[in-house]
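Here are a few notes to read alongside the model. Have a look at it first, then come back to the points below.

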Amino acid sequence: MAKSNEPIMWSLFSAGGMVTAFFVPVTIVLTSMVVPAGWIEVENFRQLIAYPLTRLFLFVLISLALFHWAHRFRYALVDLGLRNSAGILAITCYATAVVGTIMAGFFLVSPYLFTYD
Amino acid sequence: MPADWWLKKKTYFLFMVRELTCVFVGGYALFLLVLTTRLDDPQGFAALLNSPLLIALQIIALPMVLYHSITWLNLTPKVMVLWRGEERVSPFLITVAMYVIWAIISIVILWIAFRHR
């Protein structure tokens with residue numbers, strides 16, 4: 001059997017699928033209904049998200065959700081007929097997830113990197 | 001195979017819908033990523049959460065993500081086979097446990113968010 005990164009990508013897909021299944025619906029309810037409707041003050045919600053523990057939660061959620069998307073989307077596109085571009089699709093999808101993970105990490109820890117007081 | 005194979009049968013169609021829920025998972029992860037860039041900008045943060053377009057997109061994403069959660073949790077006993085001694089733990093029991101965990105997580109997150117109201 002040829003060497004492949006499939007087990008790693010599948011693990012990330014699978015972890016992402018589980019975390020997403022458990023956490024994303026309630027998070028969407030918060031960000032699309034509860035907060036815009038004013039049941040929770042936007043400013044209080046922002047402060048809640050700014051806590052270190054919530055930042056860590058968001059980092060894991062964003063990263064795993066992106067890897068879940070990347071793995072599933074690449075195979076869905078192949079199933080939909082883009083068989084000839086399978087290689088480039090895989091690279092593009094996973095690269096997007098990696099870049100998104102780095103960006104999320106940067107934005108979530110940057111306030112701690114650039115404070116001088 | 002023709003590109004419209006998944007329109008030929010209801011089960012194929014539901015399979016493709018399930019696979020394409022990842023687009024909404026990825027899209028929401030992107031939204032959260034943008035939200036993290038506004039963590040230190042209260043006005044920008046509020047504007048993002050109050051944007052009618054983004055609220056509409058999230059309301060569209062919610063049923064798709066719920067479909068992901070339901071299909072994912074329903075499949076867990078197939079992936080996770082548990083044994084108690086010589087006896088296999090009932091797949092139904094595992095699924096029920098998954099839904100209970102999902103409910104607890106959702107309630108705890110809502111409770112944490114509302115405590116910061």
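The points below go from the conventions to the fold and then the core.

1. This is a predicted model, where local features need pLDDT of at least 70, side-chain atom pairs count only at pLDDT 80 or more, and totals for chains, interfaces and linings use all residues. Residues are numbered from 1 along each chain as its sequence is written, while chains are lettered from A and ligands numbered from 1 in the order in which they are written.

2. Chain A has four helices and zero strands, and its pattern along the sequence is α-α-α-α. Helices here are DSSP runs of H or I with at least four residues, strands are runs of E with at least two, and both are numbered from the N terminus.

3. How spread out is chain A? Its radius of gyration (over C-alpha atoms) is 17 Å, well over the 13 Å from the globule rule for 117 residues, so chain A is more spread out than a compact globule. That rule is 2.2 Å times the number of residues to the power 0.38.

4. In chain A, 37% of the 117 residues are buried, meaning that 20 or more other C-beta atoms, placed from the backbone, lie within 10 Å of the residue's own.

5. The largest nonpolar core (buried Ala, Val, Leu, Ile, Met, Phe, Trp, Tyr and Cys joined through C-beta atoms within 7 Å) has 46 residues, and A:Ile62, A:Ala65, B:Val25, B:Tyr28, B:Ala29 and B:Leu32 touch the most other members. Its largest share, eleven residues, comes from α3(A).

Key: Buried ≥ 20, exposed ≤ 12 C-beta atoms within 10 Å, placed from the backbone.
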